[in-house]
Amino acid sequence: MSKVTVVDHPLVQHKLTLLRDKNRSTAGFRRLIKEVALFLGYEVTRDLELTMEHIETPICGMDAPKLKGKKLVLASILRAGEGMLEGLVELMPSARIAHIGLYRDPETLKPVQYYFKAPSDIADRPVIVVDPMLATGNSVAHAITLLKEAGAKDIRFLCLLAAPEGVEALAQKHPDVAIFTAAIDSHLNDHGYIVPGLGDAGDRMFGTK
Ligand SMILES: O=P(O)(O)OC[C@H]1O[C@H](OP(=O)(O)OP(=O)(O)O)[C@H](O)[C@@H]1O
Ligand SMILES: O=c1cc[nH]c(=O)[nH]1
Ligand SMILES: [Mg+2]
């Protein structure tokens, strides 16, 4: 069973409420997604391994902690992952980036793939998959399958909002992938939207509806 972490930091919860509000402007929505991603970024990277390195401060030499191993990969599920990616890149400017182009067929709720590009040495790097919405879980499960086929081994998933159905489905398909989210909502409606949710994240972020 996947480990699920709900990030209940008060600032995250406050900003999530602002995001849910249907009267939030496109600019406000974009800014908030990026801000929340910064907070969530702290949690999703909490268990990264450190190694000691000798450095010289202006005062003396010391052994100080640095991240161990290769830079990690941020894997953004298009389109909505891009908003969170912006915040995470600010936190980890040297991260490598993977893009996975998927949209959900509104009838079948199955993902339709239109793009995939990942670093060639992804097998040697930790991977954080980002997409604000975990609804049925079909999109992220497909994205993770593609990343595993490309060689990824150490994968975690960061979203903003999850439905219980999606958490369950992802845990079934990829039990090795830890899930980080700001909230787990009530359920999915007949169209596969999260209730109460925040609507269509991509459309709200890019102003396409
Ligand atoms: O868990 P699922 O049921 O698969 O739904 C979640 C997916 O739906 C949304 O993308 P969408 O298909 O709207 O594409 P977009 O980001 O281009 O708007 C969202 O960003 C996820 O990728
Ligand atoms: O509630 C939902 C479900 C899928 N995708 C979204 O953007 N929102
Ligand atoms: Mg969308």
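## Sheet, hairpins and ligand shells in a predicted model

G101 in strand 5 stands opposite Y115 in strand 6. On the side of strand 4, L78 is the residue that stands opposite G101. The structure described here is a predicted model. The protein chain averages a pLDDT of 97, and 100% of the residues score at least 70. The scores of the model are ipTM 0.97 and pTM 0.96.

### The seven-stranded sheet

The strands just named belong to an open sheet of seven strands, ordered 1-11-9-7-4-5-6, in which the pairing is mixed. Strand 1 (4–6) and strand 6 (111–117) are the edge strands, each pairing on one side only. From one strand to the next, the twist averages 20°.

In general, the strands of a sheet pair through backbone hydrogen bonds, in either a parallel or an antiparallel manner. Both arrangements can be followed around strand 5. Strand 4 and strand 5 run parallel and are joined by six bridges. Strand 5 (residues 96–104) and strand 6 run antiparallel, and six bridges join them. Within this antiparallel pair, R104 stands opposite P111 of strand 6.

Two helices pack on the sheet. Helix 3 (residues 81–91) touches strand 4 (73–78), strand 7 (127–130) and strand 9 (155–158), and the direction of helix 3 makes about 160° with that of strand 4. Helix 4 (residues 138–149) touches strand 4, strand 5, strand 6, strand 7 and strand 9; here the direction of the helix makes about 135° with that of strand 5.

L91 is found in helix 3. What degree of exposure does L91 have? L91 counts as partly exposed because it has 16 C-beta neighbours inside 10 Å. Leaving aside residues up to four places away in sequence, L91 touches L38 and G41. The C-alpha atoms of L91 and A37 are separated by 9.3 Å, although the two residues are 54 residues apart along the chain.

### Two hairpins

Strand 5 and strand 6 form a hairpin with six residues between the strands, and within this hairpin L109 takes a positive phi near 60°. L109 is partly exposed, because 14 other C-beta atoms lie within 10 Å.

Strand 2 and strand 3 form a hairpin with four residues between them. Strand 2 (residues 50–56) and strand 3 run antiparallel and are joined by seven bridges. In this pair, T51 stands opposite K66 of strand 3. Strand 3 (residues 61–67) is hardly covered, as the count of buried residues among its seven residues is zero.

### Backbone conformations

Most residues other than glycine have a negative phi, and most peptide bonds are trans. The following table lists backbone angles that depart from this pattern.

| Site | Feature | Angle |
|---|---|---|
| L78 and R79 | cis peptide bond | omega about -5° |
| V195 and P196 | cis peptide bond | omega about 0° |
| L109 | positive phi, not a glycine | phi about 60° |

These sites can be placed in the fold. R79 is in the loop between strand 4 and helix 3. P196 lies in the loop between strand 14 (194–195) and helix 6. L109 belongs to the loop between strand 5 and strand 6.

### Ligand surroundings

Which residues come nearest to ligand 1? Of the 22 residues around ligand 1, the nearest are R104, A135, T136, S139 and G202. At least two residues of this shell are supplied by each of strand 4, strand 5, strand 8 (133–134), helix 4 and helix 6 (201–206). Strand 5 provides the largest share, three residues. By class, the shell around ligand 1 has eleven nonpolar, seven polar and four charged residues.

The residues around ligand 2 are M133, A135, G192, Y193, I194, G197, D200, A201 and G202. By class, the shell around ligand 2 has five nonpolar, three polar and one charged residues. A135 and G202 appear in the surroundings of ligand 1 and of ligand 2.

Methods. Residues numbered from 1 in each chain as written. Chains lettered and ligands numbered in written order. Predicted model: local features only at pLDDT ≥ 70, side-chain atom pairs only at ≥ 80, totals over all residues. Pairing = 2+ DSSP bridges. Axes fitted to C-alpha atoms, helices over the stretch in contact; angles between N-to-C directions. Contact = placed C-beta atoms within 7 Å. Near = placed C-beta within 6 Å. Nonpolar A, V, L, I, M, F, W, Y, C, P; charged D, E, K, R; others polar. Buried ≥ 20, exposed ≤ 12 C-beta atoms within 10 Å, placed from the backbone. pLDDT = per-residue confidence, 0-100.
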